[in-house]
Amino acid sequence: MMKTFDLDIQNGIATLCFDREDSPVNILSSEVLRNLASKIDELKKNQDIKLLKFTSAQEGIFIAGADISQIERLHDEEEAYDLVREGQQILSKISALPFPTVAIIDGACLGGGLELALCCDYRLATEGSKTKIGLPEVNLGVLPGFGGTQRLKKLTGLSKALELILGGKVLNGQKAQKLGIVDACVPQGYLEFKERSFCEQVLNEPEKILAKRKQGSLMDRFLPFVVFSYARKNVMARTKGKYPAAIAVMDLFEKTQNKEVEEGLEYEARAFSKLVVTDISKNLIGLFYASEALKKERGVKRKVNPIPINMINVIGAGVMGSGIVFQFSKIGKLVRMKLRRYEQAAEAMTSIQKVYDAIMKRGRLSSHEVSIKMGHISYTTEFSGFKHCDLALEAIVEKKEAKQELYAQFEDIMDEKAIIASNTSSLSISMLSEKMHHPERFVGMHFFNPVPRMPLVEIIPGKKTSDKTVATVVALAKEAGKTPIVVGDCAGFLVNRILLPYINEAVRMFEEGADFEHIDRLILDFGMPMGPFILADEVGLDVGYKVAKVLEDAYGERMKVSSILDRVYQQMQLLGKKSGKGFYIHGKKREANEEVKRLVFSKRLFDEKEVVDRALLIMVNEAAMCLQEGIVDNAQYLDMAMVMGTGFPPFRGGLLRYADAVGIDSVVITLESLAKNHGIRFKPAKLLLDMAKDKRTFY
């Protein structure tokens, strides 16, 4: 049996320390749980023990959760039920011990780790940055299965337990204490001293600790049906019924509202076992693995030390520029905005302040902290301050000449070692850097709009970009809380190269007589966060059109811009939501723009299959081309980019996992049929043809 626990007993205080010798993190596999059961049985017999502490020897980790690989392998509902019931019964042994138990949480305490801590009588957490406490199982398409649903509500009350579990929220130690999940939260450096005094209080004055515990709101206690009604309405609005785990959580809480923990555990195990065998759970677990892999990526193959970035200049104060300024100020960087005129400063600073105000409203930052972060931002209409910056990032208009002129000015002023980056959404990085003296320090760093909410950043090296430059911007994006993915240098890069044909194809269907509101509804029902016409309006028809023209110039007939899109932007001069008019009129209530509808005379009813096939499979085809050209390393990373950059429905596991679900044979047959009827843009990629021939899949 592998070594998992160290047991130490001194003066009646037992410490059971988790330390998995075969893993960099503590996780609760079946073997670990059985090992734990034997230790608890052993401790139960020891009449000299006054108190038991659960600790961890691994820095930054208490228990990271259950063994996800074991969860992924579950395909039989009864097998899943037996496994989770066994886990519940083992952890319940902790609750039944004849002496008090204390979980000392210094590091990640997630999923099964928190469920173990909830079985303890008391919990002490640290304020350390690595202390993360939560039950994020819904993000994997399941619900907490080791008692979390039944025990958490006893501490926080019904409404907070629902909020935490349904949102998959992860809290720091202080927030966990505020909600009553832990009994105390102490500075990390004082843990040893505070741990001792806390345990003494548990032994001598437990009533003082228990007196501080929450009782839940009056609504929780006397009107739970109102809580359930409100929560269910929110869940359905947020998930559109596409995520069964959230609905199962609601159902479970209602069924077990007046039941004792042990009875509720049976219901919990049944609910878990039904969810864990679904395709949706497997898809979400696949995305989790991709996310974990990306966290370890440095962006380059060889080991390179990133350059420290402390001062950043952002050129452009529009929506993208101000969003990027916010993102860097939030992590404590000195950020200087370069403006064309000082009048732009007020608008940019106001939009940044609004984002901070929303964060303060959620209790994530204090007004004092926001004042400090806003104080990191300065602005200028000149190039003053550029000589001392570590990175200059331009977010100006998508015009090659304007950008190249700017880079020439940068190179005259900036230090040779400082990095120059572009937020271009479509123009080749090698092309943009062709006149630079030092193209090795130039790189694409493409944020997505709105910057504060969108997690993806595409990192695009040019032909001459150095590994050090790439490693530096990858590290900076991670520091800023984003997920960077390194992609190849081509027109549109990865996400826009795949996304724009989807929007263009939707417009082509409208051109052929489809109702664009009907298309939007069908695509929304597929699971996309919004239909392609609403998306086009949100992004801006000017932005979308310019990127589409770049793609047409690069890829020719295959990406020819729809004549309707050309007319809507060029002739009617509609910009979308920012000007109030696009395919829709954006007032208090969004309504279809009848003026645009009148551009098409003939009408034809398109069925769901045709709309979904044309809109989605054109993306699958382009994604396959990106893979065969090496624009992105693998299908996993491509799918994560589409989920994070376009909102492709996570429950489907990503664009290429969706292609696997449809069947590669079926994808190829449909594309060939569409190519016959609609032209070269649907001609199947060689990779897809080879995969169909060899019976291969992306996953």
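Which residues line the largest cavity? The roll call is L500, P501, N504, E505, R508, A548, L551, R558, M559, V561, I618 and R681.

## Ground rules

This is a predicted model, where local features need pLDDT of at least 70, side-chain atom pairs count only at pLDDT 80 or more, and totals for chains, interfaces and linings use all residues. Residues are numbered from 1 along each chain as its sequence is written, and side-chain values use heavy atoms, with hydrogens and water left out.

Helices and strands are DSSP runs numbered from the N terminus (H or I over at least four residues for a helix, E over at least two for a strand). Buried means under 20% relative accessible area, exposed means over 50%, and partly exposed is in between, using a 1.4 Å probe and protein chains only.

## The cavities

A cavity here is a set of points on a 1 Å grid over the protein atoms alone where a 1.4 Å probe fits but cannot get out, and a lining residue has an atom within 4 Å of a point. Grid points are joined across faces, edges and corners, and the volume is the space filled by probe spheres set on the points. Searching the whole structure turns up four cavities of 30 Å³ or more, and the largest has a volume of about 90 Å³.

Back to that lining. Helix 21 (495–511) and helix 24 (541–555) each put in at least two residues, with helix 21 giving the largest share, five residues. Sorted by class, the lining of the largest cavity has seven nonpolar, one polar and four charged residues. For that sorting, Ala, Val, Leu, Ile, Met, Phe, Trp, Tyr, Cys and Pro count as nonpolar, Asp, Glu, Lys and Arg as charged, and the others, Gly among them, as polar.

## Parallel strands and crossovers

Strands of a sheet pair through backbone hydrogen bonds, either parallel or antiparallel. Two strands pair if DSSP finds at least two bridges between them. Strand 17 (residues 419–422) has a parallel partner in strand 16 (residues 391–394), joined by four bridges, one of which links A392 to I420. Strand 17 also runs parallel to strand 18 (residues 442–447), with three bridges; there, S422 has G444 as its bridge partner.

In a regular strand the side chains alternate between the two faces of the sheet. Strand 17 is covered on both faces: I419 and A421 are buried on one side, I420 and S422 on the other.

Strand 16, helix 18 (residues 400–413) and strand 17 form a right-handed β-α-β unit. Right-handed means that, with the strands pointing away from the viewer, the path from the first strand over the helix to the second runs clockwise. Further along, strand 19 (residues 456–461) pairs in parallel with strand 20 (residues 483–486) over four bridges, including L456 with T483. The chain gets from strand 19 to strand 20 through helix 20 (residues 467–479), and that β-α-β crossover is right-handed too.

## A four-strand sheet

Another piece is an open sheet of four strands in the order 5-8-10-11, with mixed pairing. Its edge strands, each pairing on one side only, are strand 5 (61–63) and strand 11 (170–171). Strand 8 (residues 108–110) and strand 10 (residues 132–134) run parallel over three bridges, and A108 has K132 as its bridge partner.

## Cysteines

How many disulfides are there? The count is zero, with a disulfide taken as a pair of cysteine sulfur atoms within 2.5 Å. C17 misses out because its sulfur is 14 Å from the closest cysteine sulfur, in C120, too far for a bond. C185 is in no disulfide either, as the nearest cysteine sulfur, in C109, is 12 Å away. Both count as buried: C17 at 14% relative accessibility and C185 at 12%.

## Backbone oddities

Most residues other than glycine have a negative phi, and most peptide bonds are trans. N449 and P450 are joined by a cis peptide bond, with omega about -5°; P450 sits in the loop between strand 18 and strand 19.

N11, in the loop between strand 1 (5–10) and strand 2 (13–18), has a positive phi near 55° and is exposed at 72% relative accessibility. K240 also has a positive phi near 55°. Its loop lies between helix 11 (224–239) and helix 12 (244–255), and K240 is exposed, with a relative accessible area of 53%.

Notes. On a 1 Å grid over the protein atoms alone, a cavity is a set of points where a 1.4 Å probe fits but cannot get out, and a pocket is an open set with protein on both sides within 12 Å along at least five of seven lines; lining residues have an atom within 4 Å of a point.
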